[in-house]
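Visitor: Hi! I'm new to this one, could you walk me through it?
Guide: Happy to, let's bring it up.

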Amino acid sequence: MVEGKNPDRTKADPELLRQLDTTAANAETVEAVFILRRPRGAVLPPDVVEQVTHQVLDRVQREAGRRATDVNVFRHMGSFVVAGEPSLLRLLLDQPEIEAGIANRQPGSTSLA
Amino acid sequence: MSGIVDQQLEATGVASVIIVLKLQAGAAATATARDLSKYCVQSELAQESAILTDALARAERAGARSAASTPAPERRRAEATVAAAAILEHRPAVLQAERPEIEPPPLVRYYPNLGVALGTVTREGLTALQADDQVAQVVGAPHIGLIQPTQVRATAFRSARTWGLLACDAPSLWDQGLTGKGVVVAHLDTGIDGTHPGLRKAIGSFAQFDFFGRQVIPDPEPFDTGEHGTHTAGTIAGRPVNGRNFGIAPGASLASAAVIEGGQVVARILGGMDWAIGQGAKVLSMSLGLRGWVDDFRTLTQILRQQGVLPVFAVGNEGPGTSRSPGNYLEALSVGAMDRSREVARFSSSQRFVRAGDSAVPDLVAPGVGVVSARPGGGYQSMNGTSMATPHVAGLAALLLEALPTATVADLENALLGSCALQPGQSPDRAGRGSPNGPLALKILTGA
């Protein structure tokens with residue numbers, strides 16, 4: 001990870017970090033949900049979510065020299081999900097616009113109560 | 001190897017797996033798949049496998065993929081699991097009584113168009129399978145078994161009002177003309193049976209989401225992948241049927257989405273949340289969660305609140321000293337279960353955390369034992385669980401919102417919590433503030 005780029009550290013899900021580590025060796029893709037940083041106590045308008053997501057993605061894709069294999073933007077939830085190689089996702093974690101990164105596929109069971 | 005497989009192996013000694021074969025053509029691939037039978041077993045998971053088998057067969061028949069353009073193993077695996085989950089979602093009955101209609105599966109079944117096989121393995125079989133030269137990848141089959149409420153019982157519904165409605169004193173709010181009309185309540189669960197006479201008019205919108213948080217098909221007919229969602233939806237907004245009432249807010253409109261079937265995928269639930277906000281929802285009823293403290297949904301729950309959506313989440317069914325996320329977040333209205341005598345149900349989770357502010361969950365308790373609500377296909381059934389308590393609180397919030405549409409999340413939360421009282425035998429550690437009272441909550445909210 002590039003040091004010093006993101007002064008407000010991104011909150012990275014330990015499961016995502018584990019998946020990035022283990023998958024890097026297999027050259028497979030990882031799916032991760034990224035939450036955009038918001039102004040304190042406010043929400044990002046849907047159009048801004050879309051715009052910032054694409055800005056960030058364009059930047060990391062240029063830097064990494066590779067593209068995400070799939071993206072889906074959650075306009076009302078200030079977040080997006082990306083499938084891509086671990087190196088790309090690590091770059092995303094380091095961007096100042098990103099507040100948190102979460103593994104899309106969780107090993108624990110989300111179950112009904 | 002995925003956590004799903006490890007969990008299944010630890011719990012039962014066998015696991016249902018999808019086997020992705022290395023690229024082969026026609027007869028050779030079929031022979032390879034047949035050869036994999038030596039690693040597989042019949043097991044108690046056969047019934048579950050049969051359901052997935054059936055779903056994959058439908059995907060196969062639908063021509064999901066031509067053999068000539070078979071893509072990379074990872075992609076094939078993903079498409080197979082998504083196809084299976086999506087098709088299962090169209091089969092509301094398959095997880096219920098109709099199961100016996102499905103024939104027991106062979107040890108291994110191969111799907112040439114999808115490029116995958118399905119089998120059940122022991123740990124030894126799994127190791128051997130992974131070492132086989134013909135196998136590109138072995139992954140866990142998607143979770144299709146639901147963790148059901150602690151008790152489900154068929155029941156005749158004879159009373160005019162369920163005990164849960166009376167315990168919250170919802171009828172007093174109805175008498176004041178409040179039914180939740182004009183209020184959209186988000187309901188993220190297993191889906192909803194749109195043909196039930198008590199639910200047909202309650203559904204404002206319905207959607208189903210894939211593992212990437214996208215709608216599987218636009219504007220599907222509402223259906224339930226199980227029976228849980230139909231029950232919880234009925235408690236929120238079920239319409240009276242033949243003079244019998246089971247919905248707290250019988251005028252509210254549901255934005256219902258199927259998000260749980262298919263396993264623990266964040267984007268699927270996130271897709272449902274995002275869609276529900278777009279539908280204008282102001283309350284989210286969600287009776288699902290990850291066991292223990294898991295931080296993943298915390299920021300998302302904060303965003304829900306900032307979007308003006310009250311997050312009403314079940315605390316869990318594992319008893320004292322336990323809880324589930326997101327129902328144990330400070331930002332959630334955390335709901336436990338009580339029985340008809342107002343005692344906290346033994347299964348109802350409760351836990352204390354080291355944190356500033358409200359350190360204990362649940363925040364309150366609501367009717368969650370012997371709750372009668374809608375059953376897919378018509379009729380009614382009784383269920384126990386904090387899943388059943390949660391929609392009572394969400395329904396109450398809808399009634400309050402009709403009275404004061406400008407109420408904020410904090411206003412609603414303060415009114416609901418302020419109306420709570422500990423009943424005899426209830427302790428704050430197990431019941432939080434106690435159980436809510438509709439008319440008192442309205443008074444706190446409106447000052448009238």
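Visitor: Is B:Cys420 buried or exposed?
Guide: B:Cys420 is buried, with a relative accessible area of 13%. Buried means under 20% relative accessible area, exposed over 50%, and partly exposed in between, with a 1.4 Å probe and protein chains only. Before we go on: this is a predicted model, where local features need pLDDT of at least 70, side-chain atom pairs count only at pLDDT 80 or more, and totals for chains, interfaces and linings use all residues. Residues are numbered from 1 along each chain as its sequence is written, chains are lettered from A and ligands numbered from 1 in the order in which they are written, and side-chain values use heavy atoms, leaving out hydrogens and water.

Visitor: Okay! How many disulfides are there over all chains?
Guide: Zero, in a search of the whole structure. A disulfide here is a pair of cysteine sulfur atoms within 2.5 Å.

Visitor: Which cysteine sulfur is nearest to that of B:Cys168, then?
Guide: That of B:Cys420, 9.4 Å away, which is too far for a bond. B:Cys168 counts as buried, at 1% relative accessibility.

Visitor: Changing topic: which residues meet in a salt bridge with B:Asp295 and with B:Arg305?
Guide: B:Asp295 meets A:Lys11, at 3.8 Å from N to O. The term means a side-chain nitrogen of Lys or Arg within 4 Å of a carboxyl oxygen of Asp or Glu. B:Arg305 meets B:Glu413, at 2.8 Å. That pair links distant parts of the chain, with B:Glu413 in helix α12 (residues 409-418) of chain B and B:Arg305 in helix α10 of chain B, 108 residues apart. B:Glu413 is buried at 13% relative accessibility, while B:Arg305 is partly exposed at 22%. Helices (H or I, at least four residues) and strands (E, at least two) are DSSP runs, numbered from the N terminus.

Visitor: And A:Lys11 and B:Asp295, buried or exposed?
Guide: Partly exposed: A:Lys11 has a relative accessible area of 39%, and B:Asp295 has 30%.

Visitor: How many salt bridges are there between chain B and chain A?
Guide: Two between those chains, and 16 over all chains. Within chain A, the side chains of A:Asp21 and A:Arg90 meet in one, at 2.4 Å from N to O.

Visitor: How many residues of each chain are in contact?
Guide: 48 residues of chain B are in contact with 35 residues of chain A, where contact means heavy atoms within 4.5 Å. The two chains bury about 3600 Å² between them, 56% of it on carbon and sulfur atoms. Buried area is the accessible area (1.4 Å probe) that two parts lose on being put together, summed over both.

Visitor: Back to chain B: in what order do the strands of the open sheet with β5, β17 and β18 come?
Guide: The order is β5-β18-β17, with antiparallel pairing. Two strands pair if DSSP finds at least two bridges between them. β5 (151-154) and β17 (371-374) of chain B stand at the edges with a single partner strand each, so one side of each is left without a neighbour in the sheet.

Visitor: What lies across that sheet's β17 and β18?
Guide: Helix α8 (residues 228-237) of chain B, running at about 105° to β17(B). Axes are lines fitted to C-alpha atoms, for helices over the stretch in contact, and angles run from 0 to 180 degrees between N-to-C directions.
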